[in-house]
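The following dialogue takes a learner through several kinds of structural feature. Each turn gives the general idea and then the case at hand.

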Amino acid sequence: MALSVLVLVGSSVDEFHCDLSRVYAGGFLDALGSDPAYRVEVAFVSPGGMWSFPDGIDTASVAAAQQMHLAQAVDIMSAWHFDVMVPQMFCLPGMTTYRSLFDLMDVPYVGNTPDVMSMTADKALARAVVAAAGVAVPAGVVVRSSRTVDLELPVVVKPVDSDNSMGVTLVEDDDSLAPAIHDALAYSSAALVESYIPLGREVRCGIIAMDGELVCLPLEEYAVDSVRTSADKLNRTADGDLYLVAKQQTKAWMVDTSDPITEKVWAAARSCYRSLGCRHYGLFDFRIDPDGEPWFLEAGLYCSYSPSSVLAVMAAAADITIDRLFAHSLAELSVKESAS
């Protein structure tokens with residue numbers, strides 16, 4: 001019998017997060033939506049919080065579907081008796097509140113739990129947790145207004161809980177600090193000011209749980225001059241469609257596992273995974289200083305099971321296909337659910 005899968009798409013916050021969700025969810029549906037092992041349905045949350053169950057995730061299909069409030073949507077989803085939910089929402093409520101809803105409905109889902117997603121969405125909190133586990137982090141301070149900080153320049157200023165490098169600035173002189181903090185506070189109620197780690201390299205490390213073991217995947221390295229900004233990650237076509245800049249070969253590439261930095265980053269990533277309480281998978285960004293030492297920057301606990309998803313790209317480099325990657329997460333979820 002086919003597994004009944006609900007794909008949760010959209011955003012209650014804004015169109016940008018809706019479009020981002022569509023990009024990744026579309027990849028998942030293309031890759032696994034026609035697999036006879038799964039019976040897939042889509043639930044779409046639109047800005048403002050209205051729900052629908054469209055035939056597709058394009059704008060026209062969503063607009064044509066019946067819009068409804070949460071209570072009616074819950075009744076429908078409860079009647080359908082889904083075996084698993086795949087979260088494809090990237091706004092903060094989507095990562096936390098909407099996952100909690102499915103906990104209340106007793107519908108299991110792949111990926112990390114709302115408390116872990118909330119903790120890692122707060123960059124200051126995540127770095128404090130991994131630092132306590134012995135992982136190196138840059139010196140830093142959280143500020144809520146434009147003011148001087150007791151850190152030697154240069155520093156990196158970033159919103160404390162914003163994704164995709166929005167509002168990130170490298171500050172190299174005193175006069176630029178207050179404007180940088182002001183810019184970061186446009187995206188968050190607080191800004192994180194961190195010491196700038198001199199650039200050697202910048203990499204991302206993925207970990208997946210397989211058969212009860214943590215498997216570290218080949219690293220992905222990014223082309224960086226100083227710090228990565230939103231322009232290095234996302235852009236729009238002339239038609240307004242969102243696309244992933246970071247997937248271009250000139251922007252990112254896989255690191256051979258024989259590279260000396262690999263084992264150091266893997267060790268740090270395992271500590272991050274365990275200390276943050278991750279499940280199924282983890283994804284962690286590190287700055288490599290000129291001496292070859294890794295410094296934790298942030299956790300991005302996402303996997304859409306789309307071929308363009310970073311974790312899927314890393315898994316493919318380890319000869320793990322999308323269908324196997326998804327199946328392993330389902331298996332780990334079954335083990336966890338059975339144990340509870």
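The turns below treat aromatic rings, a strand arrangement and cysteines.

Q: On what basis should the values be read?
A: This is a predicted model, in which local features need pLDDT of at least 70 and side-chain atom pairs count only at pLDDT 80 or more, while totals for chains, interfaces and linings use all residues. Residues are numbered from 1 along each chain as its sequence is written, and side-chain values use heavy atoms, with hydrogens and water left out.

Q: How is a pair of aromatic rings described, and how many aromatic pairs does a search of the whole structure find?
A: The distance of the centres and the angle of the planes describe such a pair. Rings of Phe, Tyr and Trp (its six-membered ring) pair if their centres lie within 6.5 Å; planes under 30 degrees apart count as stacked, over 60 as edge-to-face and the rest as tilted. The search of the whole structure yields ten aromatic pairs. One of them, tryptophan 51 with tyrosine 98, is tilted, at 5.9 Å centre to centre and 45° between the planes. This pair links distant parts of the chain, 47 residues apart: tryptophan 51 belongs to strand β3 (residues 51–52) and tyrosine 98 to helix α5 (residues 97–104). Helices (H or I, at least four residues) and strands (E, at least two) are DSSP runs, numbered from the N terminus.

Q: Is tryptophan 51 buried or exposed?
A: Buried means under 20% relative accessible area, exposed over 50%, and partly exposed in between (1.4 Å probe, protein chains only). Tryptophan 51 is buried because its relative accessibility is 0%; tyrosine 98, at 12%, is also buried.

Q: Which geometry do tyrosine 305 and phenylalanine 326 form?
A: Their pair is edge-to-face, with 5.0 Å centre to centre and 65° between the planes. Tyrosine 305 lies in the loop between β16 (294–299) and α10 (310–317) and phenylalanine 326 in helix α11 (residues 322–339), so the pair ties together parts 21 residues apart in sequence. Both tyrosine 305 and phenylalanine 326 are buried. Ring pairs also join Phe28, Tyr38, Tyr281, Tyr305 and Phe326 into a cluster.

Q: In what order do the four strands of the open sheet lie?
A: Two strands pair if DSSP finds at least two bridges between them. The order is β3-β2-β1-β4, with mixed pairing. Strands β3 and β4 (84–87) are the edges, each pairing on one side only. Strand β1 (residues 3–10) pairs with β4 in the parallel sense over four bridges.

Q: How many disulfides are there?
A: A disulfide is a covalent bond between the sulfur atoms of two cysteines. The criterion is a pair of cysteine sulfur atoms within 2.5 Å, and the count is zero. The sulfur of cysteine 91 is too far for a bond, because the closest cysteine sulfur, in cysteine 18, is 7.9 Å away.
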